[in-house]
Amino acid sequence: IVLVGMAVSIGIFLIYAFSTGFFGPWEGRFYTILDPTYASKYIPIIASVSEHQPTAWGSYFFDLHVLNFFFPVGLYFVMRNLSD
């Protein structure tokens, strides 16, 4: 009951804060989280910055080296002897 009360009170606060302008309007960067093509369509300056572009798969393999191959082995050893 306490958790539900907290969720309702936070929801009421957020509705009040956005309706009164306490929090500003959503920015373009937030919209790009929901729709990754938003910035390339409506905000070209954000889309042109290279740190906002998706990373190539080759970069992950270059950065992580052999950890890519040891991850499944480590996952196996972690899950091997599960008990309650």
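How many helices and strands does the secondary structure of the protein come to? Six helices and zero strands, in a model that is predicted.

**View 1. The whole chain, helix after helix.** Starting at the N terminus, the elements simply read α-α-α-α-α-α. Burial is scarce here: 6% of the 84 residues count as buried. The protein exposes about 7,800 Å², and carbon and sulfur atoms supply 71% of that area.

**View 2. How far to trust the model.** The average pLDDT for the protein is 81, with 87% of the residues scoring at least 70. Confidence peaks in H1, at a mean of 90. It is lowest in helix H4, residues 44–48, where the mean is 70, so keep that in mind when looking at this stretch.

**View 3. Helix H1, end to end.** H1 covers residues 2–20, and its length checks out nicely. With 19 residues at 1.5 Å a residue, H1 should span 27 Å; the C-alpha atoms at its ends are 27 Å apart, so the two agree. Just past the helix sits Gly21, with a positive phi of about 90°.

**View 4. Phe22, out in the loop.** Now for the loop that links helix H1 to helix H2 (28–34), which is where Phe22 is found. Is Phe22 buried or exposed? Its relative accessible area is 62%, over the 50% cut-off, so Phe22 counts as exposed. Even so, Phe22 has company: leaving aside residues up to four places away in sequence, Phe22 touches Phe13 and Ala17.

**View 5. Tyr31 and its aromatic contacts.** Tyr31 belongs to helix H2. Which residues does Tyr31 touch, not counting those up to four places away in sequence? They are Trp26 and Tyr38. Tyr31 has a relative accessible area of 33%, between the 20% and 50% cut-offs, so it is partly exposed.

**View 6. His65, between two helices.** The loop between helix H5 (57–64) and helix H6 (67–79) holds His65. Its backbone is worth a look: phi of His65 is near 50°, a positive value, and the residue isn't a glycine. For background, most residues other than glycine have a negative phi.

**View 7. The aromatic pair.** The structure holds one aromatic pair. It joins Tyr76 and Phe77, whose ring centres are 5.4 Å apart. Why is the pair called edge-to-face? The ring planes meet at 65°, and over 60 degrees counts as edge-to-face, so the label follows. As for Phe77, its relative accessible area of 46% makes it partly exposed.

Definitions and conventions:
Residues are numbered from 1 along each chain as its sequence is written. This is a predicted model: local features need pLDDT of at least 70, side-chain atom pairs count only at pLDDT 80 or more; totals for chains, interfaces and linings use all residues. Side-chain values use heavy atoms; hydrogens and water are left out. Helices (H or I, at least four residues) and strands (E, at least two) are DSSP runs, numbered from the N terminus. Buried means under 20% relative accessible area, exposed over 50%, partly exposed in between (1.4 Å probe, protein chains only). Contact means heavy atoms within 4.5 Å. Rings of Phe, Tyr and Trp (its six-membered ring) pair if their centres lie within 6.5 Å; planes under 30 degrees apart count as stacked, over 60 as edge-to-face and the rest as tilted. pLDDT is the predictor's confidence in each residue, from 0 to 100. Accessible areas come from the Shrake-Rupley method with a 1.4 Å probe; for residues, only the protein chains shown count as cover. The expected span of a helix is 1.5 Å times one less than its number of residues.
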